[in-house]
Amino acid sequence: MFENKTENEAKKEILNMVAEYANKYHNTKKNFKEGDRIPYASRVYDDKEMVNLVDSSLEFWLTSGRYTEKFEKKLAEYLNIKYCSLVNSGSSANLLAFMALTSPLLKEKAIKKGDEVITVACGFPTTVTPIIQYGAVPVFVDVTIPQYNIDITMLEKALSNKTKAIMIAHTLGNPFDLKKVKDFCTKNNLWLVEDNCDALGSKYVINGEEKFTGTIGDIGTSSFYPPHHMTMGEGGAVYTNNALLNKIIRSLRDWGRDCSCPSGIDNLCGHRFDKQYGQLPVGYDHKYVYSHFGYNLKATDMQAAIGVAQLEKFPTFVERRIYNFNRLKNGLKELEDKIILPEKCENSSPSWFGFLITCKDGIDRNEVVTYLEEKGIQTRNLFAGNLIKHPCFDEIRNDGKSYRVIGDLINTNRIMKDAFWIGVYPGMTDEKIDYMIKIIKKAIL
């Protein structure tokens, strides 16, 4: 097949065939009919992702490489932020973001065991897990309805002389009140980590300037798991404008090493064998000097190759999510006496991840969800609901030191009992949105 062809010619032929295959077998669309399964999220892609994936695989550079470098550069440009590091998941991104704040390089600002971090129990567990695993103390405050984000009136009550940071997510794409939270952090010399895993593309106007969420705090994180705003299968990113934090994040991601040479490159600094570190002998190979207790949390170049193609079409994803959200909300307005519809945070432009509904008195969430699922509409709870109610807290629930709770978490508990959400992902058509509106009305009226 490849006789008398150069490697580049053979590669071009393969990639042309991949594009043809993708368009014939992957990009076929069937007409929607009532009762067809409507998932809360799904991948949206075309031949570009598949061609990039195969292109990367043919190089057989199985770790991070040229596509990783390109993706990090392109995402940083999109977000208008200085530094971006690709990792293997959004959970790893959160782990790196928090662990970076424990680095001894931060001196007196470093988070130490026993220090406190303000967060919420209503959300996804991996926003909180790194805090607990390190031995810091999460301080849980309530959220608001119908924004479903941190109740900023509780911040002063949560503050103590041990507080070092706030680490919270933008719920389902809806930014939390970044102005109030950021001002609180500045006033009290606290770090701010934005878990941006469900909000990539969301914007917020702060001090007269519109910025992307994830770029206003000290560190932002993203996830590229298939249901998220864009995907590379598994994957995540950590981004910051702080050069020192970026250095720490890179070290922790790359085994904790002190060396910053990219994969496959040796002695970029020209001082690989002439310096002294810690108690090591002078001239010890800098590629094997470790300044942190780190991990290997890199993604593969094949994942990054998919991400590069996804980024090219990402702005259209955001537009469609906003459109789908608005169509749903307009279609369900007549039910506002029976359900609470979501509202965006003031000064924000959300890139919606989902459409969250809270049932009012007399409407049973479980009955509504069961009916929707029977009719082919996939639903989700707001993740953990109330995280401290879960079995993972059993061993620490009553020890009096592993975490603190401010107030009664009334809204958090209500969301656990009465709320659910449905999807608005960019692959949804008007027909699917209108069918969901019709079935929700039948379930509730």
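What follows is a series of questions and answers about a predicted model.

Trainee: In which loop does D151 lie, and which oppositely charged side chain is nearest to D151?
Mentor: D151 sits in the loop between β3, residues 137-141, and α6, residues 155-158. Although D151 is buried, it has no salt bridge. A salt bridge requires a side-chain nitrogen within 4 Å of a carboxyl oxygen, whereas the nearest side chain of opposite charge is 7.9 Å away, and that side chain belongs to K157.

Trainee: Which side chain, then, makes a polar contact with the side chain of D151, and at what distance?
Mentor: If neighbours within four places in sequence are left aside, D151 is in contact with D142, V143 and T144. The polar contact between side chains, however, joins D151 to T153, and its length is 2.6 Å.

Trainee: Which peptide bond leading to P146 is cis, and what is its omega?
Mentor: P146 is found in the loop between β3 and α6. Most residues other than glycine have a negative phi, and most peptide bonds are trans. The bond that runs from I145 to P146 is instead cis, with omega near 20°.

Trainee: Is Y148 buried or exposed, and what is its phi?
Mentor: Y148 is placed in the loop between β3 and α6. Its relative accessibility is 2%, and because buried means under 20%, Y148 counts as buried. Y148 is a residue other than glycine, yet its phi is positive, near 65°.

Trainee: Where is F383 placed, and what is its phi?
Mentor: F383 belongs to the loop between α10, residues 365-374, and β13, residues 404-405. With a relative accessibility of 27%, F383 counts as partly exposed. F383 is not a glycine, but its phi is positive, at about 55°.

Trainee: In what order do the 3 strands of the open sheet stand, and which are the edge strands?
Mentor: The order is β10-β12-β14, with antiparallel pairing. An edge strand pairs on one side only, and this holds for β10, residues 339-340, and for β14, residues 419-423. The edge strands are therefore β10 and β14.

Trainee: How many bridges join β12 to β14, and which residue of β14 stands opposite L356?
Mentor: Strand β12 covers residues 354-359 and runs antiparallel to β14, to which it is joined by 5 bridges. Opposite L356, the residue in β14 is W421.

Trainee: Which helix packs on this sheet, and what angle does its direction make with that of β12?
Mentor: The helix is α9, residues 301-332, and it touches both β12 and β14 as it packs on the sheet. Between the direction of α9 and that of β12, the angle is about 25°.

Trainee: How many salt bridges does the structure hold, and how far apart in sequence are R327 and D434?
Mentor: The structure holds 29 salt bridges, and one of them is formed by the side chains of R327 and D434 at 2.9 Å, N to O. R327 is partly exposed at 27% relative accessibility, and D434 is partly exposed as well, at 33%. The pair links distant parts of the chain, since R327 lies in helix α9 and D434 in helix α12, residues 430-444, and the two are 107 residues apart.

Trainee: Which salt-bridge partner does E334 have, and is E334 buried or exposed?
Mentor: The side chains of E334 and K441 meet at 3.0 Å, N to O. This pair joins the loop between α9 and β10, where E334 lies, to helix α12, which holds K441. The relative accessibility of E334 is 54%, and because exposed means over 50%, E334 counts as exposed.

Trainee: In which helix do D418 and R414 lie, and is D418 buried or exposed?
Mentor: Both residues lie in helix α11, residues 410-418, where they are 4 residues apart, about one turn of the helix. Their side chains form a salt bridge of 3.5 Å, N to O. R414 is partly exposed at 27%, whereas D418, at 9% relative accessibility, counts as buried.

Trainee: Where does T221 lie, and is it buried or exposed?
Mentor: T221 lies in strand β8, residues 219-223. Not counting residues up to four places away in sequence, T221 touches several residues, including A93, N94, D195, C197 and Y239. At 0% relative accessibility, T221 counts as buried.

How values were computed. Residues are numbered from 1 along each chain as its sequence is written. This is a predicted model: local features need pLDDT of at least 70, side-chain atom pairs count only at pLDDT 80 or more; totals for chains, interfaces and linings use all residues. Side-chain values use heavy atoms; hydrogens and water are left out. Buried means under 20% relative accessible area, exposed over 50%, partly exposed in between (1.4 Å probe, protein chains only). Lys and Arg count as positive and Asp and Glu as negative; His and the chain ends are not counted. A polar contact is a pair of N or O atoms within 3.5 Å; within protein, one must be able to donate a hydrogen and the other to accept it, and residues adjacent in sequence count only if both atoms are side-chain atoms. Contact means heavy atoms within 4.5 Å. Two strands pair if DSSP finds at least two bridges between them. Axes are lines fitted to C-alpha atoms, for helices over the stretch in contact, and angles run from 0 to 180 degrees between N-to-C directions.
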